[in-house]
Number of protein chains: 2
Amino acid sequence: MAMEVTFLGTGTSMGIPMIGCSCATCSSLDPRDKRLRTSVWIHYNDKHVIIDSGIDFRQQALEQRIPSIDAVLFTHHHVDHIFGLDELRPINFLQNKTVIAYGTAQTKEHLKRVYPYVFEGHNCSSDVLKIEYRIFDTTPFKIDDLEIIPIPLFHGELPVMGFRLGSFAYCTDVSRMPKESYELLRDLDVLVLGALRNSPHPTHFTLSEAVEEARNINAAKTYFVHMSHELRHKKMLQQLPVNMAPAFDGLKISL
Amino acid sequence: MAMEVTFLGTGTSMGIPMIGCSCATCSSLDPRDKRLRTSVWIHYNDKHVIIDSGIDFRQQALEQRIPSIDAVLFTHHHVDHIFGLDELRPINFLQNKTVIAYGTAQTKEHLKRVYPYVFEGHNCSSDVLKIEYRIFDTTPFKIDDLEIIPIPLFHGELPVMGFRLGSFAYCTDVSRMPKESYELLRDLDVLVLGALRNSPHPTHFTLSEAVEEARNINAAKTYFVHMSHELRHKKMLQQLPVNMAPAFDGLKISL
């Protein structure tokens with residue numbers, strides 16, 4: 001199935017530039033060094049799916065002219081991945097459409113905590129977000145006729161999810177891959193993989209760890225996301241193996 | 001005391017343009033019709049205070065080149081007023097500064113719900129936000145040598161707070177003013193007042209209700225904020241009394 005993937009954001013949780021930072025990346029004039037929070041928009045047939053709805057979702061939707069949203073796939077519940085959920089309200093009101101959110105049972109508990117008025121109906125406003133939440137575990141499921149294969153990952157000690165859609169896979173916020181997940185990532189055309197920075201971090205792959213994982217997984221092409229200001233686009237392009245590259249906000253790939 | 005106020009955002013909770021909307025305001029080429037979520041930045045002496053930290057805070061801080069933040073004053077806990085709190089982290093890391101958040105006890109409870117890792121210390125990361133939360137009620141308090149007078153307001157049934165700082169007052173998300181609050185708003189140079197739209201809303205003043213309130217309060221100048229796409233900047237300027245105007249993102253006033 002023909003699928004177009006647009007990178008809505010490729011940055012770590014604080015975004016690049018960081019407020020008040022004057023480092024080479026944060027003050028770079030290369031637009032590829034400006035990174036909103038990590039998320040992708042997948043367009044196939046007439047469906048529009050996003051992976052995570054981060055705090056920048058409104059800005060991303062306006063910049064990339066996303067015409068609608070049918071579904072959100074949640075990797076996990078951290079702020080930079082869920083704070084944009086409420087921004088889907090115009091889809092409810094202007095298009096009279098209920099967005100379907102797919103996530104784990106754990107993510108649902110956190111969404112209920114952050115958005116009680118959405119899940120528990122004690123809303124004081126008629127403008128409240130309307131979503132349908134569908135829980136998945138490790139069993140593949142379908143959106144329309146597109147199969148989604150959940151990929152279990154670890155973000156520090158926190159179990160999070162990646163996704164495989166055909167020959168495309170998306171694994172952000174990861175510091176360890178269970179053995180079984182490698183099996184699910186065979187024969188990919190495109191792998192998207194989190195690579196935070198050069199210095200070690202307890203819950204994210206460094207760039208060199210991510211490169212090693214990418215070599216093991218051996219997709220035809222690997223794009224890195226969730227990058228901090230330690231990583232500058234042009235320098236990464238010069239240093240990375242030819243089948244690996246940093247993604248950048250607005251990059252589109254067709255599969 | 002000399003004080004500069006910058007409007008960081010003047011829009012309602014969905015922002016203007018609304019995602020997917022093609023109305024005259026949402027497709028307007030007038031930059032004053034582009035509204036991020038309502039918030040102001042107050043600069044006096046060497047202190048930087050924001051009222052509310054909405055979901056657009058990072059974008060606002062970068063656009064307006066806010067050099068630092070010393071304090072956040074919270075009006076209430078709704079998503080469009082608190083979701084930017086986590087965006088203050090770079091102030092912690094780059095400037096080694098703990099931001100002081102001032103809010104009611106009720107706002108604190110909601111912040112604890114949304115940001116448990118900040119308030120309860122069960123953070124899995126060294127990058128966690130560091131704030132000091134100070135509860136206020138209706139008693140005036142001071143930031144440095146600037147007196148802050150809380151102004152009790154009602155946002156539907158929800159008690160929320162406005163603030164008076166010298167001859168400037170800020171009252172957003174309001175649909176009813178207790179009698180005692182009018183007393184606190186005498187002899188203002190500048191009043192900022194929420195005015196959602198033309199059609200009635202259960203928790204916000206309409207524009208005509210806000211104009212009536214502004215007439216009663218009788219500040220030298222009133223600026224309206226938290227405006228929906230029903231309100232177009234140029235048209236408001238043509239229709240409003242001479243001492244009232246819509247605010248717009250980036251507008252600066254000196255007091």
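## A:Phe154: exposure and surroundings

A:Phe154 is partly exposed: 16 other C-beta atoms lie within 10 Å. That count falls between the cut-offs, because a buried residue needs 20 or more and an exposed one has 12 or fewer. The model is predicted.

A:Phe154 sits in strand S8 of chain A, which covers residues 146-155. Beyond its neighbours within four places in sequence, A:Phe154 contacts A:Pro159, A:Val174, A:Ser175 and A:Arg176. A:Pro178 is 24 residues away from A:Phe154 in sequence, yet their C-alpha atoms are 7.6 Å apart.

## The contact between chains A and B

Chain A and chain B each put 29 residues into the contact. On the chain B side, three helices each supply at least two residues: H1 (57-63), H3 (89-95) and H4 (105-114). H3(B) gives the most, with 5 residues.

By residue class, the side of chain B that touches chain A holds 17 nonpolar, 8 polar and 4 charged residues.

## Symmetry

Two copies of a chain are related by a rotation about an axis and a shift along it. Here, chain B superposes on chain A after a rotation of 180° with 0.0 Å of shift along the axis, at an RMSD of 0.0 Å. That relation is a two-fold axis. Within chain B, B:Val114 has the C-alpha nearest the axis, 2.5 Å from it.

The copies meet through the same surface, because 100% of the interface residues of chain B are also interface residues in chain A.

Conventions: Residues numbered from 1 in each chain as written. Chains lettered and ligands numbered in written order. Predicted model: local features only at pLDDT ≥ 70, side-chain atom pairs only at ≥ 80, totals over all residues. Contact = placed C-beta atoms within 7 Å. Helix = DSSP H or I, 4+ residues; strand = E, 2+ residues; numbered from the N terminus. Nonpolar A, V, L, I, M, F, W, Y, C, P; charged D, E, K, R; others polar. Least-squares fit on C-alpha atoms with pLDDT ≥ 70 in both.
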